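User: I would like to learn how to read a structure feature by feature. Could we work through one together?

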Amino acid sequence: MQNKGLVKLFAILFGLVSIYQLSFTFKANQIEDAAKQYAIEKISEDQQDYDALRGIEETRYLDSISALDQVFNLGIAKFKYNEVKDKAMNLGLDLKGGINVILQISVKDILKGLSNDSSDPIFNRALTDAEELQKNSQNTYLEDFFISFDAIKGDTKLASPDIFANRTLSEEITFNMTDEEVKPILRRKIDESVVSAFEVLRKRIDQFGVTQPNIQRLGNSGRILVELPGARDVNRVKKLLQGTAQLEFWDVENSQNLGAFLSQANTALRASAEPEQAEETTEDEGIDDEDSQIEELLGESDIDTTAVDEESDLTKSFFYAPTVPSAMVSISKADKDVIKAYLESDEAKAALPNDAKFTTFAFGIEDETIDFVNVFALKGNREDKPELSGAVITDARQIYDEFSKPAVSMDMNLKGAKIWEEMTGRAFNQQSQIAIVLDDIVYSAPGVTTGPISGGSSRITGDFSLTEAQDLANVLRAGKLPASADIVQADEVGPSLGQEAIDTGKKSFAIALILVLIWMIFYYGKAGIFSDLALVLNILLIFGILSGLGAVLTLPGIAGIVLTVGISVDANVLIYERVREELAKGKGQKEAVKDGFANALSSILDANITTGLTALILFVFGTGPIKGFATTLLIGILTSLFTAIFITRLLIDWYVNRGGKLDFSTRLTKGLFRNININFLKKRKLAYVVSFVIIIGGLASLFTTGLDEGIDFVGGRTYQVRFAQDMNPEEVKTAVNATFGSSEVKTIGNPNQLKISTKYKIDENSAEADEEVQRSLYDAIVPFLPDGFTYNQFVAGENNIGKMYSGKVSPTIADDIKRSSVWAILGSLIVVFLYILLRFKKWQFSLGAVAAVFHDVLIVLGIFSIAWRFMPFSMEIDQAFIAAILTVIGYSLNDTVVVFDRIREFLNEHTSWEFDRTVNSALNSTLSRTLNTSLTTLVVLLAMFLFGADSLRGLLFALIVGVIVGTYSSVFIATPIMHDTLKRSYKKE
């Protein structure tokens with residue numbers, strides 16, 4: 001081998017760099033383990049909410065470590081904890097716990113904002129129609145809006161003064177523009193708004209305190225991916241991400257001016273609650289009672305607002321004395337939706353006094369300890385725009401008020417400071433209040449007692465926790481979102497489930513590696529030791545590169561690394577089998593090694609390129625953990641090529657040049673699979689029949705039973721719940737269906753762990769809807785949980801009981817995933833067809849390979865359709881399954897290409913042979929490699945399947961079936977089809 005010195009240099013450098021990168025991971029883990037141990041020693045399990053308290057103590061410990069000047073000294077450099085953490089390997093959510101969401105920025109809201117909230121009926125109808133189109137469309141919302149508008153516009157133009165040719169866009173859109181001229185401008189404006197939303201979210205996340213967050217924009221769809229590994233407080237994260245931070249300052253209306261309005265509102269609400277009884281009420285009774293009602297509504301009577309008396313709808317008062325002086329009234333939380341609907345109605349607006357016609361109403365912060373919420377009356381205007389908004393905020397920070405409670409202090413720019421001085425001066429003179437409204441909720445409405453406030457300083461007070469105040473300051477500082485952000489896809493993984501995944505991943509990986517190392521030595525003797533050394537270096541390089549690139553290691557990623565072990569072994573097997581062939585021809589050891597490596601190179605490259613192409617397609621179309629699987633597979637293919645072709649060769653040459661003797665076999669394996677002469681082509685018709693019967697059976701099941709489609713493909717919410725005892729899924733399903741109407745409940749892994757899926761309220765993407773569904777699930781299954789097990793304990797998965805994982809996929813996202821999956825599979829088939837055509841110059845080779853791949857995919861799908869109802873593990877069709885299918889495609893092609901390479905070689909070497917003899921000889925000569933590689937890969941996959949995480953069993957089962965079927969199809973499907981279509985060209989006279 002030439003350039004041995006260069007290979008040695010690169011091997012040493014790559015190894016040292018990998019060890020350097022991984023050292024940070026080991027150090028970070030050591031520090032985090034110390035933090036956990038510290039928390040365990042400080043907080044005993046006897047304390048209430050000990051898990052949460054331990055989390056706080058861990059954070060305090062790590063904060064103290066962060067303050068140190070150095071925690072890691074490598075001699076050549078010293079590093080602080082944050083630097084160590086940044087350089088450590090990134091773990092995915094399935095290994096570390098945390099939350100992964102896809103946010104959909106509302107393009108509809110952006111369009112409404114650009115139109116200055118136009119009331120044009122055609123414009124608003126087009127917005128509604130676009131929403132309907134989106135349910136079955138693959139277009140962006142903006143494109144569907146254009147389609148909807150064009151369908152109904154008549155003479156109306158986008159550049160109408162009532163739509164986009166307004167004052168705000170006057171410099172870019174003029175009334176004489178055509179729709180085609182306006183559309184590119186709107187596309188640019190939408191893109192700018194999404195970029196703005198991306199930056200706002202990035203700033204919020206950067207200040208959240210989660211290590212190694214990931215945020216990225218997904219194409220031009222207005223979707224943003226956010227991954228926060230290690231985040232514990234999921235509800236806090238959701239609020240942080242979805243809060244628009246729409247800060248407004250409004251003058252508060254004097255509630256004394258609204259007495260008559262409230263009396264009329266109360267009467268209207270009574271009538272709507274019980275119309276028939278209200279009609280029977282005499283007019284005199286209403287008049288006699290009016291004075292006392294007004295007194296009551298204005299808070300001038302003594303009313304206990306800590307409880308609601310049982311009243312008939314005829315005499316019920318919907319309004320109570322406010323709990324703060326600046327509020328108009330307080331109401332029962334039970335009546336909130338009804339009252340809100342009335343206050344927003346035309347009837348209510350018509351009943352307002354003439355001098356308060358533009359009054360708007362807002363609710364205060366809800367206190368969980370009481371059943372009432374305050375209602376504030378705000379002085380509005382014709383434009384319904386606040387005099388002062390959060391756009392003027394230049395800084396915000398968490399402080400403590402005079403009662404030592406967390407609050408938020410704000411600073412304004414010069415323009416905002418001037419308006420703030422005018423507003424506070426007016427409030428001082430009129431002895432009124434200014435409401436500070438955030439996202440339509442009144443946080444406080446203080447009065448002004450010391451005259452106008454200059455300088456632009458203000459603060460928000462309320463019943464905040466410390467983290468709530470910090471988050472509020474964070475979002476105000478980062479700025480408001482240009483539109484609402486809905487969570488259309490989410491995955492939440494509890495930290496205990498992540499730790500279990502790490503433990504099982506380590507165990508299964510170690511078992512798989514040990515079995516492979518032993519097998520190589522058993523089969524190839526001393527040569528197997530050299531391949532084992534190269535394999536260990538290969539694994540070191542994979543982890544080192546992952547760490548150095550900042551790539552994320554996921555649970556499927558570990559499966560990808562294990563699969564890479566099989567790929568690496570395959571390359572060594574190809575080389576060793578060729579060396580054995582050369583030795584059998586009587587060549588000397590050095591020459592046999594040289595020729596063996598040279599002859600195997602073509603097969604190795606072709607096999608790895610085809611697998612790499614499918615992995616690349618998976619990387620492009622996959623998201624989250626599946627992208628992690630593709631990443632490790634791609635890196636593993638490159639490192640496998642390097643270690644197998646160069647490192648193994650380097651070690652073997654070193655040993656041979658020292659006079660060592662290598663047989664590339666042992667006593668038990670010497671001569672194994674040699675001099676085999678099986679007529680495979682003679683059996684091809686039987687193979688066709690067997691495959692046809694299996695495929696027909698699978699298709700029959702697919703069209704009748706179908707597949708167990710996961711929420712990735714149909715939408716819905718899913719929860720993995722662990723109980724203290726073994727559970728009967730049917731009992732839980734009955735309880736859950738009583739709440740949700742329909743659900744799917746099945747055991748996953750151990751009998752005490754269930755996966756519960758439902759489509760209940762799946763069209764609602766708000767944080768409130770997510771919380772409502774989750775709480776409803778808890779209420780439904782609480783009889784099966786330990787006595788006294790609270791909702792907060794359920795959500796936190798305390799004591800390894802409760803919610804371990806939850807996921808959500810909206811129907812729109814599910815459609816997109818389906819489409820991407822189909823394109824990924826079709827794309828891989830097209831790319832592979834073209835590559836094989838390029839390499840082998842004949843379409844018959846491509847046809848055989850693609851036919852075998854179709855055969856393998858159909859059989860895997862058929863087996864999943866038949867088996868999913870009775871297998872003791874989840875066989876859902878989700879993104880992980882698509883990853884498995886693409887990997888099966890790559891593996892099947894790997895096998896097929898090796899056989900085709902040998903056929904091509906024999907066609908060139910043995911020109912006088914009959915075509916049938918050439919093909920059969922090629923199949924027989926590669927049989928040892930085919931079986932050896934397949935058995936090794938199966939051993940690896942079975943180790944992962946038996947000892948790995950429950951969530952991977954479906955993916956691994958698909959791979960196991962795929963390896964078996966792929967091995968069979970390369971011999972009995974791909975080659976025979978190529979033979980039958982190409983035979984005439986090689987027919988001998």
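User: Let me start with one residue. In which helix does Gln430 lie?

Analyst: This is a predicted model, so every value here is computed from predicted coordinates. Gln430 lies in helix α15, which spans residues 414-430. Its relative accessible area is 46%, so Gln430 is partly exposed. Now look across to Val448. That residue is 18 residues from Gln430 along the chain, and the two C-alpha atoms are separated by 9.6 Å.

User: Let me step back to the whole chain. How many helices and strands does the protein have?

Analyst: There are 32 helices and 22 strands. The C-alpha atoms fill a box of roughly 115 × 70 × 60 Å along the principal axes.

User: What percentage of the 989 residues is buried?

Analyst: Buried residues make up 53% of the 989. The accessible surface comes to about 44900 Å². Carbon and sulfur atoms account for 55% of that surface.

User: And the contacts? What percentage of those between residues at least 6 apart in sequence join residues at least 24 apart?

Analyst: The figure is 74%.

User: On to the interior. How many residues does the largest nonpolar core have?

Analyst: A nonpolar core gathers buried nonpolar residues whose side-chain atoms lie within 4.5 Å. Here the largest has 141 residues. Those with the most contacts inside it are Tyr576, Ile652, Ile836, Phe881 and Ile889. Helix α29, residues 879-909, gives the most to this core, with 18 residues. A second, separate core has 48 residues, including Val101, Phe145, Val226 and Ala490.

User: Take Ile836 from the first core. Which residues does Ile836 touch, not counting those up to four places away in sequence?

Analyst: Ile836 touches Lys841, Phe845, Ser846, Ala849, Leu893 and Val897.

User: Lys841 is on that list. Where is Lys841 placed?

Analyst: Lys841 sits in the loop between α27 and α28, the latter covering 843-867. Check the backbone there: phi is positive, about 65°, although Lys841 is not a glycine. Then check the surface. Relative accessibility is 65%, so Lys841 counts as exposed.

User: Which other residue has a positive phi although it is not a glycine?

Analyst: Asn116, with a phi of about 60°. Asn116 lies in the loop between α5 (107-114) and α6 (121-134). Its relative accessibility of 39% makes Asn116 partly exposed.

User: Back to a helix. Is Thr933 buried or exposed?

Analyst: Use the cut-off: under 20% relative accessible area means buried. Thr933 has 2%, so Thr933 counts as buried. Its place is in helix α31, residues 927-947. Leaving aside neighbours within four places in sequence, Thr933 is in contact with Asp570, Val573 and Tyr891.

User: Now the outside. Which residues make the nonpolar surface patch of about 850 Å²?

Analyst: Leu616, Phe619, Val620, Phe621, Val822, Trp823, Leu826, Ile830 and Leu834 make the patch. Next, map the residues onto elements. Those giving two or more residues are α20 (589-621) and α27 (811-840). Helix α27 supplies the largest share, five residues.

User: Pick one of them. Is Val620 buried or exposed?

Analyst: Val620 is in helix α20. Over 50% relative accessible area counts as exposed. Val620 has 56%, so Val620 is exposed.

User: Last topic: aromatic rings. What describes a pair of aromatic rings?

Analyst: Two values: the distance of the centres and the angle of the planes. The count here comes to 34 aromatic pairs. Take Phe10 and Phe14: the ring centres are 5.6 Å apart and the planes are at 35°, so the pair is tilted.

User: How many residues apart are Phe10 and Phe14 in helix α1?

Analyst: They are four residues apart in helix α1 (residues 4-42), so about one helical turn separates them. Phe10 is partly exposed at 38% relative accessibility. Phe14 is partly exposed at 37%.

User: Which residues form one aromatic cluster?

Analyst: Trp519, Phe522, Tyr523, Tyr524, Tyr576 and Phe664 form one. Note Tyr576 here. Tyr576 is also among the residues with the most contacts inside the largest nonpolar core.

Terms used. Residues are numbered from 1 along each chain as its sequence is written. This is a predicted model: local features need pLDDT of at least 70, side-chain atom pairs count only at pLDDT 80 or more; totals for chains, interfaces and linings use all residues. Side-chain values use heavy atoms; hydrogens and water are left out. Buried means under 20% relative accessible area, exposed over 50%, partly exposed in between (1.4 Å probe, protein chains only). Contact means heavy atoms within 4.5 Å. Patches are made of residues with over 30% relative accessible area and no salt bridge: like charges are joined within 9 Å, nonpolar side chains (Val, Leu, Ile, Met, Phe, Trp, Tyr) within 5 Å. Accessible areas come from the Shrake-Rupley method with a 1.4 Å probe; for residues, only the protein chains shown count as cover. A salt bridge is a side-chain nitrogen of Lys or Arg within 4 Å of a carboxyl oxygen of Asp or Glu. Rings of Phe, Tyr and Trp (its six-membered ring) pair if their centres lie within 6.5 Å; planes under 30 degrees apart count as stacked, over 60 as edge-to-face and the rest as tilted.
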